[in-house]
Structure formats: structure tokens, C-alpha cells
Amino acid sequence: MSARLEVRLVKRLPDFTLDVAWTADGGVAALFGPSGAGKTLTLQCMAGLLRPDAGYIVVDGRVLFDAAAGMDVPPQARRVGYVFQGYALFPHLTVADNVGFGLRGRPQPARARRVAEVIERLGLAGLERRYPRELSGGQRQRVALGRALAIDPALLLLDEPLSALDAPLRQTLRNELRGVLGEWGTAAVVVTHDFTEAYRLGDRIVVYDGGRVVQSAPRAELLWQPASESVARIMGIPNVLHGTVVKATPDRIQLRWRGQSLEAVNSPTRSYLPPPGAPIAFFIRPEYVRLIRKDRVVADPRHHMNLMRGEVVLDEDFGTTWTLRIRLDEPGPPAQGAWDLEVEVPHLVYEILDIERDRRWEFSIHRGSIHVLPA
Amino acid sequence: MTAETLSALTLSLRVAVLATLANAVVGIPLAYVLARHRFRGRALVDLLVTLPLVLPPTVTGYYLIVLLGRRGWLGAPLYAATGWSIAFTWYAAVVAATIMALPLLVRTARAAIDSVDRDLEKAAHTLGRSEWRTALEVTLPLARNGILAGLVLAFARALGEFGATLMLAGNIPGRTATVPLAIYTAVQTGEEQAALILVALLTALSCVVLVVADRLGARAA
């Protein structure tokens, strides 16, 4: 079975070139990357609001655009629902008229039925005669969704659907949006620069950077196997570090870093086998570093994998977790400015271990928590 | 009020109303196109429309004679074909007032159209609307107050037009002498009272127009 969504686009602008290709198998594809990476440009091309210089756009086998074949379906005929950043609700129309805006071709009774159905399903009942300015942020989002979904689109495009909202509301609406997308089952593309959002909403995440796709993968795969150091950095992963390869086999990589000998899991599927002595990038998730309790066992390299020793030089309270910056007991400059590793511990652990007073720790990292980044 | 004063007043109102209508028909599409489209000659069109705002009205009037006069570029063929010329008729007053008022409407309306969020238009496109339908259903309704304010200003300008009207339509009492021209004549011939009545009327009208335009502008913002 071919992919439901096939996108290949080249668009040259005076100071920017978009050159991307990706596919998705239905569900939700999240276009993730920094601002100005070309994500919104991609959406506008997919909706037909902007004409690419080359490439194609195919939705469920239906060609919306194909430069080589001279095919360009106008936006009016694409049946693509677009939820704009800031929603772009028509301020001079009521909720019902906004939702029904795309149904003009249908006979009045059918139109009214569809509007009522959409309003009901999105929990907007009772707000039919309100104007957009009289709605809350969450209600506006649902009206924008309803307006786009009312036309029964073959594809739904959402541009930063949560960026117009306050932080507390954003989390609620992210879950609500995920529910709506799942329930309606429409293939969707969501643009976001927030990785949590991309991960929560997307079944597949397409990582954009500088007008190119640097990785496209199912979300779990992306989380644990970023394709490169630059992808890891775009994702905002802490503790992206550089070491030297000692020995690489298909399922293990031994490396040296800051005077330590570390063992990491290699991915057999990736078969990444750098030669000994080669530089290697890897990352360690801060929440997977284990501090060793001093009251229990004596730290022992035979029991504790990748054992290290260091001092907490800085700690920050993030409400439910503490972030510790640890400097290893090794000569030479630390890997990340004033410290080597960022470690995240829950509040409870911070209190039980009395980290506020006790700053010197031994800690270990399971080999499965050291992720190698292919060059 | 004398018959001449009265005729000046009715003529002025008729000219201003027709010039405003002509402005609506020509100016609103022009403002839309200037705001929303990039095309060759756009800067030139913009310049030509705006020029009457800064040129001395007599200069604009001179160009209108060159264009529409009995020996003008357009006027000569018309005269040759029909034996009629627009010059020194009250239609000429309408043309002069239209041209003089046009920049006020176009500039105000264009600013209002410019301020309409383009995403709204794009949304309308994805929801099946052609550009034409989008303009009618989304852009122009949302720019309505700005456009109305522009029309009010255009009306005021048309009502007060003097120089270009004098050049193209002349100052023929009862036929082309609008209120501003009648005021001039009245002052020249020492009819103080007639002048005073007309001056007071125009001043009052202008005040009303400014207040209305201001209210509309405030609501548009």
C-alpha cells in the first residue's frame, strides 16, 4: 500500500529555499523544527495558497499538484481544511456562519444539518450565534477546527494550532486536539516548533531545518534515535556530548569521554560502525542518570554500569523536578561550560538524598541510556 | 435665499453625490487591486491616482482640459463624432470633482483593505471561495468602515472642489457654478450676504463630514 500522503516540494524565495520530500501513512504527521525552517511554507503549498516551483503533492492517490505534469488543483477545489495560526476566524460572522462558510454549494437544509452536526460534535452547542471575539481561546480553536472539518476534508492542515493560547490552556487543548484528530480520523499535518506538541500530536514526526527535512520517523523512533547530532539539537535534547570511539560492534559501542570509559548500545538496524579513534557524538537523557545512594551499597563498577563521580555545581528547581549540573572529578575543561552533565531528579529524590547539602555523588548510566548519534 | 444661491446649492449636492458614486464604482475596485495585487504599472497607477492630492487643482484641471476639452485627446474625437463636448457642462463638474476626490477614497480604502488579515482571505480560498467572492464576502465587509470613511471624505472633497471645476466646467451661474464658485462670485461682486450663507453652509457640512468620517475611522481601527 502506498503512503496516504506524498510530498515533494521545491520553492525558491529571494532569501530562502524550501526543498523537502516526505511521506506519511495517514494519521497525524507533525512538521517540527525551529521557526523559519519552512514548515508553514509547506502547509501553504499543500493547501494551494502558494505555488511550488517543482515537486508533487499526492493525498490518498489524488494528485493535487504535480509540476512535471503541469497539474495544479486550485485551493478552492483541493478539499483541504486549513486551521491557521491564530485561527483566522471571520470576525464579522457568527460561529454557525463560520462553521458553515465552506458549505455554500450545498442546499440550505443539508448545510444547516451539517453545521449542527459539527457544532454538536465539537461541543460548541449554544454558541452558534456568538461572534469570534466573544469566544474563549479554546472555543475559537474548536470553531476553527469545525470550519475546516465541516467540508469533510481529505486532509487537515494545522499551523501552530496551540501557539495562540496561554500555557495552562495549551496542555488541555493539546489533549483535546489529539482527541478530535483521532476521533475524526482525517489525515492531518500539524506544524509546530514545540517538540512536546509534535510528540503528543504526531504519529510521525518530520523534522525541518533550514528548508530541508533532516529526519522523518515514527515519533517513538525519533525520540530514541535521532538521526544526527543536529536533529538532537533541534529537538532540544540536553547532554549532547562528544567522545572518541574505542570499539564498535553491531550491538555495542565503547567510547572514551572526559577520561571515562563508557559503554553504549549500538543499534543493529542502523549498523553504525565507526572505526576506533573516530570522533563520536552521543546523548544522555538527564532523567536516566542514576544517583547512587550512599546508605545502601558501595558503588562498584561490576554492578554499576558507566560509573562516574562528580559534584553538583548548580541546581535549578523546575517545580516537579530538579535539574542538577554535575562536574566530573576529572582534570580538563568540563564538556558543557562549567559542568559535564545535566541530571534530572524528581523532587522526592532530591529531598530524600538531601542534595541541597550533599553535593558530591557517584552515579551510573545504563548502556541503553547512552544514545549514539551517527555522524 | 436667491434663486442663484439655491441653484448653486442643488448643483453642488448633485455633483457631489454623483462624484461620490463614481468614486465608489471606480475607487473601491482600484483600492482593492492596489492593496492586493502586484502588477506592472502599479506604481504608475498609484502615482496618477494620488497626484491630484498634491498638484494645484488648476493644474489637474488643465490636464483634464488637455484630455477632455473640445480639442483634447479624448474630447476631440468625441466632438468630431457627436458635436458635443463635456467642457463647460455640469458633467464636467462631476468629472473634476471625481478626479479630485479619488485619492482620498483610494488611500483611505486601501489602508483599510491592507489591514484585513490575509489569512482570512486564504481561509476563504480553502473553503471554496474565488478571489472575487472572497473580496465580496470577506475583505470588503471587513474594510467597510474604512471604505465608508473614504467615501465621506470623497463627498466632502467633491462638495468643496473649486480649481479643477473652474478650469473644466467654468463658472456659469445656474449651470456649472457650484457653491464654492458661487461664493467666489458673490465675494467678487460684493454680495456679502449670499457669500455668508454659502460659507456657513459649507462649513457646517464639512464639520458634519469630518465627525462622521472620524467615527467611522475609529470603528475601523
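## A buried threonine in chain B

B:Thr176 is buried, with a relative accessible area of 0%. The model described here is a predicted one. B:Thr176 sits in the loop that runs between helix H9 (163-169) and helix H10 (179-188) of chain B. Leaving out residues up to four places away in sequence, B:Thr176 touches B:Leu11, B:Phe88, B:Thr89, B:Trp90, B:Ala169, B:Gly170, B:Asn171 and B:Leu181.

One of these contacts, B:Leu181, is also among the buried residues of H10(B). The others buried in that helix are B:Val179, B:Pro180, B:Ala182, B:Ile183 and B:Ala186. After H10(B) comes B:Gly190, which has a positive phi near 75°.

## Helix H7 of chain B

Helix H7 of chain B covers residues 131-142. Its buried residues are B:Thr134, B:Ala135, B:Glu137, B:Val138 and B:Thr139. These pack against H1, H5 and helix H6 (118-126) of chain B.

## Two cavities in chain B

How many cavities of 30 Å³ or more are there? The count is two. The largest cavity holds about 50 Å³ of space, and the second largest has a volume of about 40 Å³.

The lining of the largest cavity consists of B:Ser12, B:Val15, B:Ala16, B:Ala93, B:Ala97, B:Ala158, B:Leu159, B:Glu161, B:Thr165, B:Thr178 and B:Pro180. By class, seven of these residues are nonpolar, three are polar and one is charged. Helix H1 (3-36), helix H5 (90-114) and helix H8 (144-160) of chain B each contribute at least two residues to this lining. The largest share, three residues, is that of H1(B).

Around the second largest cavity stand B:Leu9, B:Ser12, B:Leu13, B:Leu159, B:Val179, B:Leu198, B:Leu201, B:Leu202 and B:Leu205. Eight residues of this lining are nonpolar, one is polar and none is charged. H1 and helix H11 (192-220) of chain B each supply at least two of the lining residues, and H11(B) gives the most, with four. B:Ser12 and B:Leu159 appear in the linings of both cavities.

## Two hairpins in chain A

Strand S12 (residues 240-248) of chain A is joined to S13(A) by four bridges, and the two run antiparallel. Three residues lie between S12(A) and S13(A), which form a hairpin. Within this pairing, A:Lys247 has A:Gln254 as its bridge partner in S13(A).

S13(A) also pairs with strand S14 (residues 260-265) of chain A, in the antiparallel sense and over six bridges. Here A:Arg252 stands opposite A:Val265 in S14(A). The hairpin of S13(A) and S14(A) has two residues between the strands, and A:Arg258 in this hairpin takes a positive phi near 50°.

Which residues form the covered face of strand S13 (residues 252-257) of chain A, and which the uncovered one? A:Ile253, A:Leu255 and A:Trp257 make up the covered face. The uncovered face has A:Arg252, A:Gln254 and A:Arg256.

## A five-stranded sheet in chain A

Chain A has an open sheet of five strands in the order S16-S20-S17-S18-S19, with antiparallel pairing. S16 and strand S19 (341-346) of chain A are the edge strands, each pairing on one side only. On average, neighbouring strands of this sheet are turned by 50° against each other, direction ignored.

Strand S18 (residues 321-328) of chain A and S19(A) run antiparallel and are joined by six bridges. In one of these pairs, A:Thr321 has A:Pro346 in S19(A) as its bridge partner.

## Two loop residues in chain A

A:Gln336 lies in the loop between S18 and S19 of chain A. With a relative accessible area of 21%, A:Gln336 is partly exposed. Not counting residues up to four places away in sequence, A:Gln336 touches A:Asn239, A:Leu241, A:Leu341 and A:Glu342. A:Gln336 and A:Ile326 are 10 residues apart in sequence, and their C-alpha atoms are 9.9 Å apart in space.

A:Tyr288 is found in the loop between strand S15 (279-284) and strand S16 (289-291) of chain A. Is A:Tyr288 buried or partly exposed? A:Tyr288 is partly exposed, because its relative accessible area is 38%. Setting aside neighbours within four places in sequence, A:Tyr288 is in contact with A:Trp224, A:Ser364, A:Ile365 and A:Ser369. A:Tyr288 and A:Thr269 are 19 residues apart in sequence and 23 Å apart in space, C-alpha to C-alpha.

Key: Residues numbered from 1 in each chain as written. Chains lettered and ligands numbered in written order. Predicted model: local features only at pLDDT ≥ 70, side-chain atom pairs only at ≥ 80, totals over all residues. Heavy atoms only, no water. 1 Å grid on protein atoms, 1.4 Å probe; cavity = no way out; pocket = protein on both sides within 12 Å on 5 of 7 lines; lining within 4 Å. Points joined across faces, edges and corners; volume = space filled by probe spheres on them. Nonpolar A, V, L, I, M, F, W, Y, C, P; charged D, E, K, R; others polar. Buried < 20%, exposed > 50% of the residue type's maximum accessible area, 1.4 Å probe, protein only. Contact = heavy atoms within 4.5 Å. Pairing = 2+ DSSP bridges. Axes fitted to C-alpha atoms, helices over the stretch in contact; angles between N-to-C directions.
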